Amino acid sequence: MLELHNVSRSYRGIPAIANVNFRVGTGEIVGYLGANGSGKSTTVKIITGILQPNDGKVLFEGVDIRADLAGFRAKLGYVPEEAHVYTYLSGLEYLQLVGRLRGMPEPLIQLKANKLLRLLGLESWRHSPISAYSKGMKQRVLIAAALMHDPKLLVFDEPLSGLDVDSARLFKDLLQQLAASGKAILYISHVLEVVEQICDRVVVIAQGRILADTAPSELTRLMKLANLESAFAQLVQQQDTKVLARELVETMLVEHA
Ligand SMILES: Nc1ncnc2c1ncn2[C@@H]1O[C@H](COP(=O)(O)OP(=O)(O)OP(=O)(O)O)[C@@H](O)[C@H]1O
């Protein structure tokens, strides 16, 4: 359904991602895993049409997304990591705005917006401004907004970051249900454990290049290979954090230069 073909992008001549290839099929949950600065956001911006690649292309249902970006976006549900929502709107008003921008009929907007807010535990907050919401509540509004227009492709950027344990469990179940209903799902994260639990396939990116595209069960085996070792060491962050933490405290404690 979604295919990236040799996608590359540089910033001022410095490559951020190079020759990125992967696909997300119907009913599939694909994890896109990489450490900070590995190129995940750059890839997401290209997939959502915010950024143009220097090379390569993104196809959706066989068609270059840039041939009809508005048409593609109508089939895309995107949940960004940061909630840059209009915080003076209430949750309900925000979903109404999203529905109208997507060209949905008004009765359908009212029905879906109210029902999604109720299912996500936001019913009593639906008339309060989003500025009063917690991070997790904002995240849930964004998830509701992405579901409003029944998109075929869903892109979640670090979706669990603001969610508490119960919401995170609900979100994981939701992903499975969405996949079962035929949606293609791309799940961006830097947390190996979560991606392993949820995804059918995991694409690993490090320093802008794809290192692995495999089933989660295969990852453990691949982790023993030399080229993946350092990438995973960064991801699981087991190795040098103690040393680094000690150095940070030591630096903090320095009294004289
Ligand atoms: N606007 C920009 N101008 C210059 N360099 C950039 C820009 N955006 C990203 N980069 C660089 O491109 C590389 C990839 O960055 P990107 O934000 O895609 O990584 P990421 O995996 O999303 O990181 P994070 O997990 O920290 O969000 C990094 O080296 C980053 O410094």
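A residue counts as exposed here if 12 or fewer other C-beta atoms lie within 10 Å of its own, and as buried if 20 or more do. Keep that in mind as you click around, and remember that this is a predicted model.

**Stop 1: helix α4**

Select residues 106–119, which make up helix α4. This helix has 14 residues and reaches 20 Å from its first C-alpha to its last, close to the 20 Å expected at 1.5 Å a residue. Now show the side chains of Ile 109, Lys 112, Ala 113, Leu 116 and Leu 117, which are buried. Look down the axis of α4: the buried residues fall within an arc of 125°, so they line one face of the helix. Swing round to the other side of α4 and you'll find Pro 107, Leu 111, Lys 115 and Arg 118, which are exposed.

What covers the buried residues of α4? Add α3 (91–101) and α5 (135–147) to your selection, since the cover includes both. Before moving on, click Gly 121, which follows α4 and has a positive phi, near 75°.

**Stop 2: the six-stranded sheet**

Next, bring up the open sheet with the strand order β6-β7-β8-β3-β9-β10, where the pairing is mixed. At the edges stand β6 (76–79) and β10 (209–214), each with a single partner strand, so one side of each has no neighbour in the sheet. From one strand to the next, the twist averages 15°.

Zoom in on strand β8, residues 184–189. Are its residues mostly covered or uncovered? Mostly covered: six of its six residues are buried. Ala 184, Leu 186 and Ile 188 point one way from β8, while Ile 185, Tyr 187 and Ser 189 point the other way. That fits a general pattern.  In a regular strand the side chains alternate between the two faces of the sheet.

Now pick out the neighbours of β8. Strand β3 (residues 29–33) runs parallel to β8 and is joined to it by five bridges; to see one pairing, select Leu 33 and its bridge partner Ser 189. Strand β7 (residues 153–157) also pairs with β8 in the parallel sense, over five bridges, and Phe 156 stands opposite Tyr 187. Follow the chain from β7 through helix α6 (residues 165–180) to β8, and you trace a right-handed β-α-β crossover. The end C-alpha atoms of α6 are 23 Å apart, which agrees with the 22 Å that its 16 residues should span at 1.5 Å a residue. Just after α6, look for Gly 182, where phi is positive, near 95°.

Over at β9 (residues 201–206), five bridges lead to β10, and these two run antiparallel. Try selecting Val 203 with its bridge partner in β10, Asp 213. Then bring back α5, which packs on the sheet and touches β6 and β7; its direction makes about 175° with that of β6. In α5 you can click Lys 135, which is partly exposed, with 13 other C-beta atoms within 10 Å.

**Stop 3: the four-stranded sheet**

Finally, select the open sheet with the order β2-β1-β4-β5 and antiparallel pairing. Its edge strands are β2 (14–24) and β5 (63–64), each of which pairs on one side only. Strands β1 (residues 2–11) and β4 (residues 55–60) share five bridges in the antiparallel sense, and His 5 has Lys 57 as its bridge partner in β4.

End with helix α1 (residues 40–47), which lies across β1, β2 and β4 and runs at about 60° to β2. Helix α1 also lies across β3, β7, β8 and β9, at about 150° to β7.

Technical notes
Residues are numbered from 1 along each chain as its sequence is written. This is a predicted model: local features need pLDDT of at least 70, side-chain atom pairs count only at pLDDT 80 or more; totals for chains, interfaces and linings use all residues. Two strands pair if DSSP finds at least two bridges between them. Two residues are in contact if their C-beta atoms, placed from the backbone, lie within 7 Å. Axes are lines fitted to C-alpha atoms, for helices over the stretch in contact, and angles run from 0 to 180 degrees between N-to-C directions. The expected span of a helix is 1.5 Å times one less than its number of residues. The arc is that of the directions from the helix axis to the C-beta atoms. A crossover is right-handed if, with the strands pointing away from the viewer, the path from the first strand over the helix to the second runs clockwise.
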